[in-house]
Amino acid sequence: MAPVHLIFLLTSYVYVLKAEEEEELPRHVFSTDNLNPVNPENLTIETIEKGTPGTTDYRMFFKSQHGFISPMHDILLYANYDDKIYNMIVEIPKGTHAKMAISLGDPMNPLKQCTKDGKLVSVHLPHVLPHNGYIWNYGALPNTWENPTEIDNHTGLFGDGERMDVVEIGNRKARRGEIIQVKALGAIGLIVNGKIDYKIIAIDVK
């Protein structure tokens, strides 16, 4: 396994999708002018589960009263631009084991469990009590993407081609698929396989 180097950045660095870069991503199949993008506080957004949890068929979709939406494209990055409050899509609640992520390759970008070598990925940390699983709420910032064709100014490395990850360090255990509002505290840059993979450290503002 390639070594992983940690770089701590005292910044609220967020890479926001530009229109020409967004075209390179797998596109979702549904969007309307009033839904692209939206603030969760202005709509009733529910999650719909398809398939059996703990299998490769499992998906969690997002739906408003107007139809299915993409958590990657159709949710605003900022909940409050002036105060720099971000919307966070919770993929992995604190204390759970299944490594879930927004799927960039599936229509409507549902959450699904990650796989490695054809096997589902789960995290078990028996020495970290009382959680045993993920220590914090883990998720992503909508409408962000770490560009694999552009060099990051902080590290001189290309992005990993994924959405921006968020680690929320508050006390409350969030729900899978929940959209919460967070304040960025800083960032940790992981250099894996020669590419930069930022983790935004954040706190729930509510």
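User: What is a polar contact, and where does the side chain of glutamate 178 reach a backbone nitrogen?

Analyst: A polar contact is a pair of N or O atoms within 3.5 Å; within protein, one must be able to donate a hydrogen and the other to accept it, and residues adjacent in sequence count only if both atoms are side-chain atoms. Here, the side chain of glutamate 178 reaches the backbone nitrogen of arginine 175 at 2.9 Å. Keep in mind that this is a predicted model, where local features need pLDDT of at least 70, side-chain atom pairs count only at pLDDT 80 or more, and totals for chains, interfaces and linings use all residues. Residues are numbered from 1 along each chain as its sequence is written, and side-chain values use heavy atoms, with hydrogens and water left out.

User: Is glutamate 178 buried or exposed?

Analyst: Buried means under 20% relative accessible area, exposed over 50%, partly exposed in between (1.4 Å probe, protein chains only). Glutamate 178 has a relative accessible area of 13%, so it counts as buried. Across the protein chain, buried residues make up 47% of the 206 residues.

User: Which residues is glutamate 178 in contact with, beyond its neighbours within four places in sequence?

Analyst: Contact means heavy atoms within 4.5 Å. With those neighbours set aside, glutamate 178 is in contact with Met88, Ile89, Val90 and Arg172. For the protein chain, take contacts with a separation of 6 or more: residues 24 or more positions apart account for 65% of them.

User: How many helices and strands are in the protein chain?

Analyst: Helices (H or I, at least four residues) and strands (E, at least two) are DSSP runs, numbered from the N terminus. The protein chain has one helix and 14 strands. Glutamate 178 sits in the loop between strand 12 (164-168) and strand 13.
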